[in-house]
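Colleague: Could you take me through a single part of this model slowly, with the cut-offs behind each term?

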Amino acid sequence: MLNNFLRILLGVWLTAMALTTNAQDRVLTGQIISQEDGTALPGVNVTIKGTTRGTTTNSEGKYSLNVAANTTLVFSFVGSVAQEIAVGNQSVINVRLVSDQRQLGEVVVTALGIQKEAKGLGFSQTSINNQELTVGRTTNIANALSGKIAGVRITGSNGMTGSSSNIQIRGLTTFTQSNQPLFVVDGIPVDNGGGVGGSGLLNTSNSQTGVSNSNRGIDLNQDDIETMTVLKGPAAAALYGSRAAAGVIMITTKKGKAAGSKKNTVSYTGSYNAVEVNRFPDYQNEYGRGTSLNAQGQPASPVYQPNADQLSWGPIIRGQRVGSAYSAADRTLFALPDSTVLTAYPNNVRDMFRRGMNMQHNVSFSGATDKSNYYFSYGLLSDKGYMEGNQLDRHTFAANASSQLTNKLTLGTNIQYIYNTSKRSQIGNQLSNPLFRGWFLPRDYDLKNEPNTRPDGSQVYFNANTDNPFWTLRNNLYNDNRSRLIGNVNLTYKLTDWLTYTGRAGTDMFTENRFTVDAIGARGQANHAVAGVGAIGNRNTTRRETSFYNTLTATKEFGDGFGVTVLLGNELNQINQFDQAVVGNTLATRDFNNINNATNFIPYYEQLSRRLAGVFANVDLRYKGWANLTLTGRNDWSSTFAKGNRSYFYPSASGSLILSDALPEVFGNQDALSFLKLKGAWAKVGREAFLFATATYFDNTNPADGFGPQIQYPFLGQQGRTLQDGAGNPQLGPEFTRSAEFGIEMKFWQNRIGLDITRFSQRSTDIIISVPIAAASGFTNVARNAGILESKGWEWNLNFTPVRNTDFKWDINFNGARIRNNVIQLAEGVQNISLGPFTTAQGRIQAGLPYGTMFANTLLRTPQGQMVVNPTNGLPFLDPRGLQQVGDPNPRWTGGVTNNFSYKGLNINFLIDIRRGGDVLSRVIGDLRRTGVAAETAELPRFDANGQPLRNYTIEGVYGNGSINNTLNAPILTNRESQTLAAGAPAVLNQTTISGQQYWGQLYGFNAPGMFIFDGSWTRLREASITYTVPKKWLSRTPFGSLEFGVNGRNLLLFTKVPHIDPEFNVNSNQNLQGIEFNTLPQARSYGAMLRMSF
Amino acid sequence: MNLHTLSFRTLSVALLLLTGTGCANYFEVNTSPNLAATAPANLLLTSAEGMLGFSTGGEVGRFSLLFVQQIAAQNGRQTEAWDIYNVQSTEVNNLFRSNLYAGALADLEEIIKKDPQSTHPAFFGISKTLKAYSYSVLADLWGDVPFSEALQGTKNTQPKVDPSRDIYNGLIRLLDEAIVELNKTSSLTAPTTADYVYGGNAQRWIRLANTLKLRLYLHMLNSGAVTADAVNTFVRATEASTTVGFMTAVADDFQQRFETTANRQNPVHQFILTRTDDICTSTTMINLMNSKADPRRAAYFTPAPFSPALLTTPPTSTSGYIGLANGTGGNQVRNTLSRIHTFARGALTTAAASLPAGPTLGVAQLTYDGTAAVQMLTFAEYNFIRAELALRYNGPGDTQTFFQRGITASFTDAGLAAQAAAYITRQGTLTGTPDQQLQQLIEEKYVSNFMVPMEPWNDWRRTGYPALSRIPAAVNPANGGRVPRALPYPQQEVDANPNITQRNNLSERPVFWDTRTTGPQ
């Protein structure tokens, strides 16, 4: 297809080249103004097409030019869409230029603030400007990147307010350390950690306790961001050093600008969105609580079980009277009848949710003179989640200013202060998660109206083993707040006209307080796993990251188009963190949520520091703007290594060749291919080790069995100290990621079509992992440099402007990436490393397989994939060979299609986010089916007219006896009489019928999670907005400088073959595990209105 | 590149100085301020004892007691899979690796490696006794495991496995060494409160070491790895010793106590708190005790069908308690069954009056203080060992006397000493053929060893008693319903140590003394 396309292209181009023009000069005049705000545009290039002749507009945006009648003029201006207008016989041509945000980056800022011409870049980076970023008015800026940049994959954990998002740039580059990119705000690295789920204790992240936490990027206010630039991978990010192997997200905040004649501007941006659940499961509403199997597991008449396990395989709901689920005491207490009318409550799960709202207000004051500029803002975000008790409130203050004090000296500062508070509710594989069994509530249980709390505060629920969803939401609390300062001061001094010094000192520091309450009587683990006696935790964390940069930049343009820029610099970066926590358990009373109310106390304290120093050099060589070569080198010293191993060096090289500029005689006189560039880059980046991995220590004793039971010391009045399970390794050295990329950029027909294709490959070696060793040595693992991981792929970005005229413009952008992550090698003697979250259903790192391949217990199948069925009872077997490879969570490709229509002031924008392939393993779907609440479990009738169970299901499969022929590594097959089949005999198809409960209960039993695999492909309307910008002329008599309003939405539509759930989830927050889901919350859908104005 | 690196280094030093930071110690921040670099013997000992009590009472107990049908499982989760003998090799990683080898054993080895000039010999004696106990659990569960090359840290990350017979011989030597150490005197500080088990009482440790040796000999007798004469000589010599012999009272019980506070409670109790319905009682155990109207049922199990009044006045007939046949959990929860009670969970903290009268709600609302001790080797068991030695191997002493003493000790452990005599009158006389007497003896030992990790299963593997029910063939056809004789090796250990070869199934007999070919398998 591409081939044909190119062929047509070539044809058109050749035709265009054949055109000639005829000259007959006369004077043409006109004025160029901006489409957006009507201001005059000085400095616009007006050229006669096909020649180098032209002029530029004056300070009033006016021009005059001698032209011939049949010529076409090209009006081009940095940051605007070029326009071509045929002169015809006009003598005045006034033009409104539409700004083109994508073209803004004529000069782009790359790593360490180095400015380069965008078209000369040899590596990959992409910028998103404020307008594109804020379309969906999301809370978490990471989510705003979703679908917008090729090769950048964003996965939101869930739809809970303040939940984290996982960012993967070009796949993964390391095994178990963070694969999240480095965040840099105004040149200073900042923290984007903290998204790990888990309890209120120190460093405990697990799937069994706690809440969904935020990644710290959520602190940043989208309305203060001018651009977000993604430096993809090592080549673009090499100068940022050891933490940039996974790429860098470089954020530039807004600076003051003069708006036309106005020196000062006051702006307001506000939005109000409703927040609701994106997708609910489809439920049956015909059958009530209970079972229709007898003790021997055989179909039997249905039994209504008001307070036994949560199965919905009971009798047909037809308004009959059934016994109450409540004890006599509770019936008296709540005035409940002894029996109730069996009724279906179709919305009982939905009743757990509410309509939330997201409100954002932002006021900024900004301005500039020719010597200085300032920008102050205050932002308020209030996000009320779709579950009771979920709330996030954020206040952001920003102050940016810079001033040119003398001709040589410029000083600047960028400061942001953030204060936010969150209230979260329990998630995870635990009974305090309101949805742990809440997703499969019996259809006849009226959650909203049945009692949940006794007057003494204790909970009441039909299921005595699970926390009542409302009770846990109201009583098991997790509140946190954060006070954060991000700021830097910077100084630029021009030593000579070719040599500049820049110094920058910055910090990112925050204090976080967490307050957690596990209520007395909680049946789940909640935050602290104290088994019902109640606990309160107070945790205070202080993190401080300080960075210093010094750079010297020398630029020299030689004659004949040759230019050199050399940058030398250093970085000092240090991180200090203090964590103090106290957990008090065994609460005296339930009405006093203060740690003084506890009887036993467990203190925690942890402190860490990490220091890194780097020196670097960057050499840019340019020739006439069309040949560019950049060489960098960096040497780091990291405190995470032992003395002799601290220093390591890594280089990079990138270059580009703009053929369309280099060969004007070939490209100059044609329309079709207006730009052609080849680019390539190679880089190597080191990565540090995790902290304290070079020595072995003694740990505080804390035996545990993985199910929750544990012994915390001091125990029986004594402290305990145990030799760490992990041995330190003083020989540890850095791991390295090498990347190579090659790309081609093309633009056609005055940039109406732009195509950018990049092939990249990354290979990480000496990966630092905790390698499992024989525990009989006394250690279970040791930190080593071992393992190789590869990530390869294609990225594409296609821009297309089908319509472009003065009033109407339609832009389409289609970006996407196809990425393959393969584990090439693990440490010797290590078969695999589990990424969790469970023993069965786990993501694995295993040599020869894609990263995170899912393994689980599953039902026995023949090598041809047929299920093996027991002829005596028609039921399947668990595969006795243990965990089997069941799925690959990595998508085949992901991408986004943005459509933007603008008609005068009206702008319509929508983004379609696409994911193709990538398996999901959903325990929710398994639960919905196993327990008989899913709609499909009632598609066939369950009972005959006499109320007896029907055997109307047959498992598709062949007969066998459940054991394995070890020689063939295949199941032993039998005939219907259970006699083993002779070798080569055809398999006998299963014809033994079973009941619906047997069918769904067996195929989706929780001992075989490998059966819960679905193709996670989706297409979704990720973001949409319709905005109207009131024309300038209408505002001239009002105090408004500009006025824009509109409606917007996020996650508006979802198309997927996965039943019941939204396949976008990430239960381990921003950890590396992908694709496995349990009891998770759906993504949120939001829609509302926004208003933007300035005075 | 070298020149490159060199110039970078020079430049770096210059630039570091420029920013006003000294270089010398700048990077020396990678020593953890959060963890200790050393550990004295007393902290290692509390650590090892706590871990041993927790993991043997917890995971070791769950596997071995399901196999020997003291408990059963329902509710379709992991426990029920184990009850139909589906134990995945990945499910024993934590027990084998973190809790036993890299847990208790690594800490005990740290003590044993300490300088005798500065560490009281009792630490060595206690550590060697506990090490012997730990390895006996490892060898009985997995058979051949690393022993002679084990616990050498990163010096040997792939230790070879030793035949279980060699390990047993090594454990006898280890216990002899322990007794020597425990008999030493020293002016150094002896362990006191750091020893949860006996508070530093060296004499009780010697009694345990001798009694443990006797338990190991009993296993070895089964395969002829030791002669009856040799064992009887050892017994006579130990009894004649003027210093310390075998256990003498229930106060000598080798057990780990627990606290009432959350996360410091008995591991069985904690497991039931997080997995409320998963563990229930087995018909094998319940029916055996029902048939004898055993008063200990009131301490072991909740009455069924349940009513609050039955807590204060337990059923005394041959009914009133209901178990579940192993392997028939069927993914369901039944609230009609007897559950594990005070003996394994601690004192009741629910007032009976506060419970609803309903037959199913009340039992789920019972609460316990979680202090029940995990018993690893009791005085009762010592007496049953002696009774068996006298009955089968011509050992010293009177079978009948030891048998009745064992029952009495067990009743004392259950807090029912007053009812022992009446029970002994009914059930305390061994009758019938020698084999019938052995059955009666082992069945009493089985009841008295309720919730003792390993040993009831070991007894079944040795003697075939008590008669276990077969799990339905349909739920685990591959196994044919045979009771497991081993656990799979942990998958991570197999992966990390090429010296270990995974076994084909749980019916393989890994431990050398498991030679019984007659009777139920």
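Modeller: What follows is a close look at chain B, from the whole chain down to two of its residues.

This is a predicted model, in which local features need pLDDT of at least 70 and side-chain atom pairs count only at pLDDT 80 or more, while totals for chains, interfaces and linings use all residues. Residues are numbered from 1 along each chain as its sequence is written, chains are lettered from A and ligands numbered from 1 in the order in which they are written, and side-chain values use heavy atoms, with hydrogens and water left out.

Chain B contains 20 helices and four strands, where helices (H or I, at least four residues) and strands (E, at least two) are DSSP runs numbered from the N terminus. Its radius of gyration is 26 Å, close to the 24 Å that the globule rule gives for 521 residues, so chain B is as compact as a globular protein of that length; the radius is taken over C-alpha atoms, and the rule is 2.2 Å times the number of residues to the power 0.38. Along the principal axes, the C-alpha atoms of chain B fill a box of roughly 90 × 55 × 45 Å.

Of the 521 residues in chain B, 64% count as buried, that is, under 20% relative accessible area with a 1.4 Å probe and protein chains only. Among contacts (heavy atoms within 4.5 Å) between residues of chain B at least 6 apart in sequence, 74% join residues at least 24 apart.

Val60(B) illustrates both points. This residue lies in helix α2 (residues 41-67) and is buried, with a relative accessible area of 0%. Not counting residues up to four places away in sequence, Val60(B) touches Ser55(B), Leu95(B), Val137(B), Leu141(B), Pro453(B) and Met454(B). The C-alpha atoms of Val60(B) and Leu138(B), which are 78 residues apart along the chain, are separated by 9.7 Å.

Ser89(B), by contrast, sits in the loop between α3 (78-83) and α4 (93-112), yet it too is buried, with a relative accessible area of 16%. Its side chain makes a polar contact with the side chain of Gln491(B) at 2.7 Å, a term for a pair of N or O atoms within 3.5 Å, of which, within protein, one must be able to donate a hydrogen and the other to accept it, residues adjacent in sequence counting only if both atoms are side-chain atoms. Leaving aside neighbours within four places in sequence, Ser89(B) is in contact with Pro488(B), Tyr489(B), Pro490(B), Gln491(B) and Gln502(B).

Notes: Buried < 20%, exposed > 50% of the residue type's maximum accessible area, 1.4 Å probe, protein only.
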